[in-house]
Amino acid sequence: MADTLDTDKKVKRVYGRRMGRPMHRARLDVLNDILPQRKVDEALLSEQKNLSVSKIFGWDVSRVHFEIGFGSGEHLHYIMKQFPDDVFIGAEPYINGMTSFLKECSAPPEENFRVHMDDALMVLNSLEDASVDFLYILNPDPWPKSRHRKRRIVNEANLSVYARVLKDNGIMLQTTDVDELADWMLMQSLQCKDFEWLAESFEDCKSAPNGWMATRYENKGKDAGRTQTYLSYRRLPRCI
Ligand SMILES: C[S@@+](CC[C@H](N)C(=O)[O-])C[C@H]1O[C@@H](n2cnc3c(N)ncnc32)[C@H](O)[C@@H]1O
């Protein structure tokens, strides 16, 4: 391939596909033009838990949204439009997802987002404590086989990372249309003493939050007769 993108870069820790079909020119263009301007600088990713979001952006930021596995980025674009004064970090290792998101950016691309085309944990493990206001984990890969469950992005070890990076009273939102995964995510999250579930009952979790925008992935599940579950939690204030 005569283009400047290095697609041979080794992926750390992410299981599953990274590259899809051969790419069209428009996708290569955004990878070569927009990605270098808007990616989280990998030199900052030491996983030492001391990186501020302000350092990533180069200015003092206030409210921070972080989306893990944004797919083609429809939800990320939606919240960027809703909260133009906030900043956004999205991680998505799948190259076609990344290019779909970047293609929909304005020209010149908005200043208030950064993306990471790899494992979200590389960024989260680099961030200092209490960095993020909103954490979104929408339709994560279900990994249905029991021997693969440890790969689920919502698990005990990762929840302690999410609790660490969320600010006091920060919000974590998880969705899925896989019932068994919904039960798993809820059970795992409730076992983490840092989170309070923001619902009275499981039934409450069958309706979308106000102002919700369903992604194509979510709509496909609904068309196939599956029910979406929306699980919201508050990060309890740290004791001082
Ligand atoms: C089923 S798709 C859902 C996409 C999107 N969130 C939506 O709801 O339309 C799950 C996505 O998570 C991404 N993913 C899986 N593991 C990840 C990780 N460790 N860090 C970031 N993204 C990840 C996958 O590449 C995939 O695009």
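Leaving aside its neighbours within four places in sequence, which residues is Leu166 in contact with? The answer is Val132, Leu135, Met172 and Arg235. Keep in mind that this is a predicted model. The chain is divided into domain 1 (27–128) and domain 2 (141–158 + 173–240), and both of these domains contribute at least three residues to the largest nonpolar core and to the shell around the ligand.

**The core**

- The largest nonpolar core counts 48 residues. Leu166 is among those with the most contacts inside it, along with Val123, Leu135 and Tyr162.
- Strand E4 is the top contributor to this core, giving 5 residues.
- Domain 1 and domain 2 each supply at least three residues to the core.

**Helix H7 and what covers it**

- Helix H7 runs over residues 156–165, and its buried residues are Leu159, Tyr162, Ala163 and Val165. Tyr162 is also one of the core residues with the most contacts.
- The cover over those buried H7 residues includes three strands from different parts of the chain, namely E4 (132–138), E5 (166–176) and E7 (229–235).
- Helix H6 (120–124), helix H8 (179–190) and strand E6 (195–197) also belong to that cover.**Strands E1, E2 and E3**

- Strand E1 (64–68) is largely enclosed by the rest of the structure, because 5 of its 5 residues are buried.
- Val64, Phe66 and Ile68 point one way from E1, while His65 and Glu67 point the other way. Both sets are buried, charged Glu67 included.
- E1 pairs with strand E2 (residues 87–91) in the parallel sense, over 5 bridges. In that pairing, His65 sits opposite Phe88 of E2.
- E2 also pairs with E3, again in the parallel sense, over 4 bridges. Here Ala91 is the residue opposite His116 of E3.
- Strand E3 covers residues 113–116, with Phe113 and Val115 pointing one way and Arg114 and His116 the other. All of these are buried.

**A spot on the outside: Ser62**

- You'll find Ser62 in the loop between helix H3 (53–57) and strand E1.
- Is Ser62 buried or exposed? It counts as exposed, because it has 10 C-beta neighbours inside 10 Å, and the cut-off for exposed is 12 or fewer.
- Ser62 and Ala120 lie 58 residues apart in sequence, with 21 Å between their C-alpha atoms.

**How the two domains meet**

- The C-alpha centres of domain 1 and domain 2 are 22 Å apart.
- Their contact takes 7 residues from domain 1 and 6 residues from domain 2.
- On the domain 1 side, helix H4 (residues 74–82) gives the most, with 3 residues.
- That side of domain 1 is made up of 3 nonpolar, 3 polar and 1 charged residues.

**Around the ligand**

- How many residues surround the ligand? There are 20, and the closest are Gly69, Gly71, Asn139, Thr215 and Tyr217.
- By type, the shell splits into 12 nonpolar, 5 polar and 3 charged residues.
- Domain 1 and domain 2 each provide at least three residues of this shell.

Note on methods
Residues numbered from 1 in each chain as written. Predicted model: local features only at pLDDT ≥ 70, side-chain atom pairs only at ≥ 80, totals over all residues. Buried ≥ 20, exposed ≤ 12 C-beta atoms within 10 Å, placed from the backbone. Helix = DSSP H or I, 4+ residues; strand = E, 2+ residues; numbered from the N terminus. Core = buried A, V, L, I, M, F, W, Y, C linked by C-beta atoms within 7 Å. Domains from an automatic or database assignment. Near = placed C-beta within 6 Å. Pairing = 2+ DSSP bridges.
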